[in-house]
Amino acid sequence: MDRLSYSSANILPQTFQGTRDDIVEQIALLWQQIRAPLIAPLLNICIYFCLLMSIMLFIERVYMAVVIVLVKVFGKKPEKRYKWEAIKEDMELGNSVYPMVLVQIPMYNEREVYQLSIGAACALSWPSNRVIIQVLDDSTDLTIKDLVEMECQKWASKGINIKYEIRGNRNGYKAGALKEGMRHSYVRDCDYVVIFDADFQPDRDFLSRAIPFLVHNPELGLVQARWKFVNADECLMTRMQEMSLDYHFTVEQEVGSATHAFFGFNGTAGVWRINALNEAGGWKDRTTVEDMDLAVRASLRGWKFVFLGDLGVKNELPSTFKAYRYQQHRWSCGPANLFRKMVREIITNKKVSAWKKFHVIYGFFFVRKIVAHIVTFVFYCVVIPTTVLVPEVQLPKWGAVYIPSTITILNAVSTPRSLHLLVFWILFENVMSLHRTKATIIGLLEAGRVNEWVVTEKLGDALKHKTAKQMKRSRSRIGERIHVLEVLTGVYLLFCASYDLAFGNNHFYIYLFLQAGAFFIMGFGYIGTFVPTY
């Protein structure tokens with residue numbers, strides 16, 4: 001027995017000898033002993049890398065801000081940069097002067113929106129014998145499948161050239177469906193292919209405004225339109241999404257189009273020259289961002305892209321937190337995984353300039369798709385909170401305040417009507433950065449859920465038909481909405497905020513309490529629209 005006591009006394013540090021009553025004091029003493037020699041140097045290294053990434057992101061944002069101002073003030077609109085002339089029916093040739101256009105609408109169990117997208121596509125102003133509407137239905141719900149087929153038959157009876165196509169499996173998901181759709185014999189007669197997701201509703205003049213760019217400019221491979229959100233005012237979460245996506249379209253896409261004639265295809269509301277699509281190797285399902293994959297490959301073969309900021313297509317933002325999380329996982333994991341797969345191919349490419357390679361690798365992929373996610377979570381939700389526990393570490397004000405403030409303002413000015421929601425947007429984006437960082441790491445390492453594809457749920461007008469009783473019943477199921485990582489992060493931030501309030505002097509607790517609250521709200525699922533389950 002004496003020998004056992006002697007052994008435990010030698011194995012355990014002296015600070016842990018004592019009763020359970022003073023265990024907290026012992027832990028505090030241990031923390032004080034290791035804080036300066038061990039934790040502080042490690043934290044300083046983390047701060048150094050976070051500041052480096054912040055500077056990279058800051059330079060990228062300022063660069064795009066300068067370019068977009070120059071484009072708006074001195075630049076030419078796409079109609080001036082490229083030849084554009086309306087296509088008109090010829091007296092002798094008739095409407096054969098109009099190129100053949102294929103409109104693809106991939107869908108999967110889209111009960112709430114299938115009529116909207118099919119109806120809008122069939123209403124496009126284009127000679128009926130020069131356009132083919134192709135509905136690619138991968139639905140597994142037989143009832144929905146029958147409804148979609150009947151909708152196609154209804155439009156076919158009105159003289160619309162519409163094809164209802166199904167396949168025996170969902171291999172490749174959306175990319176697989178689009179690839180299969182291009183194999184049909186009638187596609188050989190088509191010059192261009194337009195893609196609309198199931199919730200997209202183009203205006204009647206979409207083709208007449210987009211197609212002439214491709215007809216008169218043989219170097220163009222893609223025309224991308226902007227998204228217009230029909231449900232941006234549905235809830236606070238959709239307003240936050242609108243702020244982020246407005247920056248993507250009004251700045252990132254516009255700058256890419258004006259400077260390099262390259263940007264990432266958004267997967268919908270775009271028109272591809274079929275020759276460019278085929279030359280790039282067609283659709284591939286090696287990642288969950290088949291649209292970006294195709295755009296990068298086409299760009300490496302010399303094709304140019306043009307973004308039309310004034311040509312908008314109505315669509316729906318995900319309004320449930322579950323749907324939004326799945327979407328953001330795909331949008332964060334896919335680009336990181338594609339970067340891993342294509343970086344060598346981009347470097348060794350001989351058809352594009354070194355400057356364009358640098359733009360694609362550094363600006364498009366590394367800074368926007370990897371650094372932006374990682375630095376947002378690691379710096380603002382881990383490193384800064386931890387500095388309140390380690391007074392030996394000094395965080396420069398320019399890195400903690402000035403740079404993030406500038407980046408935030410440059411992002412937010414794209415949506416002037418939501419500037420009063422800026423604080424909420426910051427908190428929201430910081431919470432989502434946890435999910436995006438995890439997805440980015442999964443994509444870089446090709447781990448676990450790297451190829452997970454969950455179709456974003458669309459609600460259409462579904463919520464208008466739900467009763468208050470049904471909505472109340474949905475809200476009561478809190479166990480289905482808890483997200484453990486968000487809740488644990490909220491607990492850590494709450495602890496850091498409380499510590500800073502009690503012992504600190506830098507006033508970070510104001511931000512930390514707010515950010516902890518945001519993590520708790522979203523961690524317990526109290527954000528977005530609640531949809532009843534049966």
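Reader: How far apart are the end C-alpha atoms of helix H14, and what span is expected?
Author: This is a predicted model. Helix H14 covers residues 422-445, which makes 24 residues. At 1.5 Å a residue, they should span 34 Å. The end C-alpha atoms agree with that, being 34 Å apart.

Reader: Where is the kink in H14 centred?
Author: H14 has a kink of about 30°. Just after the helix, Glu-446 takes a positive phi of about 50°. The kink itself is centred on Ser-433.

Reader: What is the order of the strands in the open sheet?
Author: The sheet has 7 strands, and their pairing is mixed. Its edge strands, E3 (162-165) and E7 (304-315), each pair on one side only. Neighbouring strands are turned by 20° against each other on average, direction ignored. The order is E3-E2-E1-E4-E6-E5-E7.

Reader: Do E1 and E4 pair in the parallel or antiparallel sense, and over how many bridges?
Author: Strand E1 spans residues 101-107 and strand E4 spans residues 192-195. Leu-102 stands opposite Val-193 in E4. The pairing is parallel, over 4 bridges.

Reader: Which residue in E6 is the bridge partner of Val-193?
Author: E4 and E6 run antiparallel and are joined by 4 bridges. E6 also pairs with E5, in the antiparallel sense over 3 bridges. There, Val-223 has Val-271 of E6 as its bridge partner. For Val-193, the partner in E6 is Trp-272.

Reader: Which residues of E6 point the other way from Gly-270 and Trp-272?
Author: In a regular strand the side chains alternate between the two faces of the sheet. E6 covers residues 270-273, and all of them are buried. Gly-270 and Trp-272 point one way. The other way point Val-271 and Arg-273.

Reader: At what angle does helix H8 run to strand E5?
Author: Helix H8 (residues 236-259) packs on the sheet. There it touches E5 (220-229) and E7. Its direction makes an angle with that of E5 of about 155°.

Reader: Which strands does helix H4 lie across, and at what angle does it run to E1?
Author: H4 spans residues 114-122. The helix lies across E1, E2 (131-137) and E3. Its angle to E1 is about 180°.

Reader: How many residues of H4 are buried?
Author: What covers its buried residues includes E1, E2, helix H5 (142-156) and E3. Among the buried residues are Tyr-114, Ile-118 and Cys-122. H4 is largely enclosed by the rest of the structure, because the buried count is 7 of the 9 residues.

Reader: Why is Ser-117 called buried?
Author: Ser-117 has its place in helix H4. Leaving aside neighbours within four places in sequence, its contacts are Ile-105, Met-107, Asp-197, Ala-198 and Phe-200. Buried means under 20% relative accessible area. Ser-117 therefore qualifies, with a value of 1%.

Reader: Which residues have the most contacts inside the largest nonpolar core?
Author: That core has 144 residues. Helix H12 (residues 354-387) supplies the largest share, 16 residues. A second, separate core of 7 residues includes Met-64, Ile-68, Tyr-247 and Val-251. In the largest core, those with the most contacts are Val-103, Ile-118, Phe-206 and Trp-272.

Reader: What does Val-103 touch, not counting residues up to four places away in sequence?
Author: Val-103 is among the residues with the most contacts inside the largest nonpolar core. It touches Ala-121, Leu-124, Val-131, Ile-132, Ile-133, Gln-134, Val-194 and Phe-196.

Terms used: Residues are numbered from 1 along each chain as its sequence is written. This is a predicted model: local features need pLDDT of at least 70, side-chain atom pairs count only at pLDDT 80 or more; totals for chains, interfaces and linings use all residues. Side-chain values use heavy atoms; hydrogens and water are left out. Helices (H or I, at least four residues) and strands (E, at least two) are DSSP runs, numbered from the N terminus. The expected span of a helix is 1.5 Å times one less than its number of residues. The bend at a residue is the angle between axes fitted to the seven residues ending there and the seven starting there. A nonpolar core is a set of buried Ala, Val, Leu, Ile, Met, Phe, Trp, Tyr and Cys residues joined through side-chain atoms within 4.5 Å. Buried means under 20% relative accessible area, exposed over 50%, partly exposed in between (1.4 Å probe, protein chains only). Contact means heavy atoms within 4.5 Å. Two strands pair if DSSP finds at least two bridges between them. Axes are lines fitted to C-alpha atoms, for helices over the stretch in contact, and angles run from 0 to 180 degrees between N-to-C directions.
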